Amino acid sequence: MKPPTEIEATAAEVENPVAGIDQTKGDFKYDVNYEFDAGTGLTEDTIRYISRVKKEEPWLLEFRLNALKTFLSKPMPTHWATKDLENINFDKIRYYLASGQKPKRTWDEVPDDIKETFERLGIPEQERKFLAGVEAQFDSEAAYSNIKDIVAKQGVIFMNSTEGLREHPEIFRKFFGKVIPTGDNKFSALNSAVFSGGSFIYVPPGVKVAQPLQAYFRINAENFGQFERTLIIADEGAEVVYMEGCTAPKFSTSTLHSAVVELVALKGAKIQYITVQNWANNVFNLVTKRAVAHEEAEVKWIDCNIGSRLTMKYPGVVLKGRKARGEVISIALANDGQHQDTGAKMIHAADDTTSVVVSKSISVGQGRATYRGQVHIPKHLKGCKNNTECDALLINTNSRTDTYPAITVRGDKNATQHEASVSKVSEDMIFYMQQRGLTEAQAMSLAVNGFINDLARQFPMEYSVELKRLIDLEMEGSVG
Amino acid sequence: MSVSSPTFPVGSFTREAFAAHLERVKHLPAWWLDRKRAAYERFAALPMPKRTDEGWRFSNFGALTLAGFSPAVGSELARASAPGFAAKASLTFVNNRAVARTGAAPAGVIFETLQNALLKHGDLVKAHLLTQPSKLGSDKFAALHEAFLEDGAFVHVAKGVEVADVLAVFHQAEGQGLAVFPHTLVVAEENAKVTVADFFSSTAGGFACGGNDLYAGHGAQVTYVAMQDWSRDTLSFQFNATVARRDAKVLSLNLHAGARQARHESFSQLQAPGAHSEMLALTVAHGTQEFDQRTLQIHQAPNTGSNLLYKNVLLDTAKTIFSGLIVVDPDAQKTDAYQSNRNLMLSDDAEAHSLPGLEIQANDVRCTHGATSARVDREQEFYLEARGIKPAQAKELLVFGFFEEVLGKIENEALHDTLTEIIRQKFKE
């Protein structure tokens, strides 16, 4: 095993059993001799290289090349989004880095340096404890992928997207790019051009996966772009919970993460997708996530954004079947130098569909939290309902928050309701707690945890506990 | 890569038309003519707003055209009974020209045509007329308004003077395809109090490109009510700029009833501690009407307040857009701001868009907003019908119940009744 070249985190942090949410935990990297490197910059040659290395079929290369054209033709969306996007230098990014590994099925087979990375992050412990399957992606490709026998025997497919394309093309191609078309936005086009890795899950009809499946995404290399592509299909009456965690070490240069996640919940299916994102503070995290919910299906996005320099992510649900239900539960914490530009999209496309959005954000120091939402109820639908609540908490005098919802309703048989509030922690509350012996920072942490408590309780317990610890960490030194 | 937009077609608002307009107002002060020339150049040079511009989201762009309209050059045909509001003091404008006035201005009040005020009170007018930037997307059309503005009303209330009666301004347009540019400028000096009402009406399809400036000095109270009832095939733009100084209170209410397509932009600045702005609007949208409402509340000083309440009732295939933004500057601690858009849907084909926004840069604030879209509560309808009230009447009662939260803020009984009557008439159409 090679020694780490840069370790800022201490060994004590490895004690933490849950990966993905401790901000300091991911802050180390290993030197890796990559066997495959597409070099810097993005041209047709980059794409041909990726496709060749991955031994893809011609249709996929064609798909990627068309996506590149779309990406190049689309302007940066700075007419509504932050100008910080202009600081991404696409010519300096490395679009594919891999060590030539196939994903290993047992932990012992994983190369030592990569294994060490994930062990530091606690992945094996999680797998043993409560996961039905785990996939760990290191830069462009999955390093480790496993699914428990009991789940595999039920016909559940859980593998990375590269394998999914190769081994189950009949399922993969049917849904791939259908929820989020290539041209949906500039970054979905980028992902379509250079995607690599990500998860592919198929749950057969009626199968309820009792334990969560988890993917873990790790950026190790500097100036790197990670573009995973995830596709989850829950067939009729199936149920699955999927969790993803993300980290990257701190580099002096910024890094790009631009994923596309497509979920398909067929009739009566339930998908819960939990993200705990804790990228380093120089990662541009520009992600497109959308689900289609068919008749009586339910999709719930639980989204927690702590890290990154800029996150732009608006998980959405297209409520395509009657009585489909969509929900987005979101917590964002923006500290100094961070902009959490998050939100939700609910597109009602059938009668009696319901959607709920609950978003809470905390801005600390000069952090900026933005909520952007879209609720759309088109013509001649009936019985559709949406309820949106977004609350922002501002900690310091120079913190900032924005809210930009867009609600479209047609017809008189539907109802929408949107409420948002901006406030600071009550001085009375802080005073009360200080009177009882807490320091101001402790009191503030307690108040902030109280602010998100009703949402945090919806997280799996391990995440919920860690989230609270993380907020304590973020609040240190932020008061006064 | 940025793509430059083509300039918006100037339609009949050509250099020749502008030269003819300048000829008509050449007796006015040179500074004002210079500003008009600059405004025309801005109008000609500014790019056409694009469908993708955030400030034009959801707007029906296809119907926006200046082709076929030409500046109206006056008429003597004032419709005496137009809005049915009897004011002790009023000014009437028809096709950009002052044609009548009733009553005298109370002591301490200048209530004049803008042309007279430009000649007699140039400094006062210069300090406040169109001095606020257009910030809500229609700078091209705001420039057109300034370039072709021919006449309007000027209200100036001296320090400490309280005006009990409503000062009324009637703007009428006559003739097909004519463009009018109404403007009302209200300046209330320290601790003054005044209520001004604008009435907009016309008999034929045209283009109305109007504006109003409201300035409330320290401790002043300004109430402004605009009743827009242009003919049903009019294209209407209206720009409002409100400035509230220390401890000033401004209440503005806009009733949107007429026009084929109407865009209303309202920009309120709370410039000093204690300033408060109440921004109200009622819209009855029916047929194929489109009402596009864009608002901006900027809190620039600590301890300021604003309250926006826009209520829309939608029938037939009508469409409303509400896009509002509360901005709290970093120094504006203790801001208390609220913004609400409520849409009552009375038809399966009506369409409502709500975009209530917040941009908050100070932390010790209370800022909230809300938006709802829903139909009339069926249980309430049933309750009324079960007591012998016919369904149409029950619906009307519920609509007035919905509007009363806004109407109830108008203390002047005659104004309240006129507003109610215009809404009632609309339901009879």
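Two strands pair if DSSP finds at least two bridges between them; strands (E, at least two residues) and helices (H or I, at least four) are DSSP runs numbered from the N terminus. This is a predicted model, where local features need pLDDT of at least 70, side-chain atom pairs count only at pLDDT 80 or more, and totals for chains, interfaces and linings use all residues. Residues are numbered from 1 along each chain as its sequence is written, chains are lettered from A in the order in which they are written, and side-chain values use heavy atoms, with hydrogens and water left out.

**Exercise 1. Find the strands that pair with S5(A), and say in which sense each one pairs.**

Step 1. Start with S6(A), residues 141-147: S5(A) pairs with it in the antiparallel sense, over six bridges. A:Gly133 stands opposite A:Ile147 there.

Step 2. Look at the link. S5(A) and S6(A) make a hairpin with two residues between them, and A:Asp139 in the turn has a positive phi of about 55°.

Step 3. Now take S9(A), residues 213-218. Here the sense is parallel, again with six bridges, and A:Val134 has A:Gln214 as its bridge partner.

**Exercise 2. Work out whether S5(A) is buried or exposed.**

Step 1. Fix the cut-offs: buried is under 20% relative accessible area, exposed is over 50%, and partly exposed lies in between (1.4 Å probe, protein chains only).

Step 2. Go through residues 133-138: six of the six are buried, so the strand is largely enclosed by the rest of the structure.

Step 3. Check the faces. A:Gly133, A:Glu135 and A:Gln137 are buried on one side, and A:Val134, A:Ala136 and A:Phe138 on the other.

**Exercise 3. Describe the interface of chain B and chain A.**

Step 1. Count contacts (heavy atoms within 4.5 Å): 37 residues of chain B meet 36 residues of chain A.

Step 2. Get the area, meaning the accessible area (1.4 Å probe) that two parts lose on being put together, summed over both. It's about 2900 Å², with 45% from carbon and sulfur atoms.

Step 3. Add the salt bridges (a side-chain nitrogen of Lys or Arg within 4 Å of a carboxyl oxygen of Asp or Glu). There are six between the two chains; one of them joins B:Asp349 and A:Lys379 at 3.8 Å, N to O.

Step 4. Bring in the strands. S20 (351-360) and S21 (366-375) of chain B each supply at least two residues of the side that touches chain A. S21(B) also pairs with S26(A), residues 415-424, in the antiparallel sense over seven bridges, with B:Cys367 as the bridge partner of A:Val422.

**Exercise 4. Trace the salt bridges of A:Lys413 and the network they belong to.**

Step 1. Within chain A, A:Lys413 bridges to A:Asp412, with the closest N and O atoms 3.2 Å apart. A:Lys413 is partly exposed at 35% relative accessibility, whereas A:Asp412 is buried at 10%.

Step 2. Across the chains, B:Asp348 bridges to A:Lys413 with a closest N to O distance of 3.9 Å. The pair runs from the loop between S19 (336-345) and S20 of chain B to the loop between S25 (400-410) and S26 of chain A. B:Asp348 is partly exposed, at 22%.

Step 3. Put it together: A:Asp412, A:Lys413, B:Asp348, B:Arg375, B:Glu381 and B:Lys395 are linked in a salt-bridge network.
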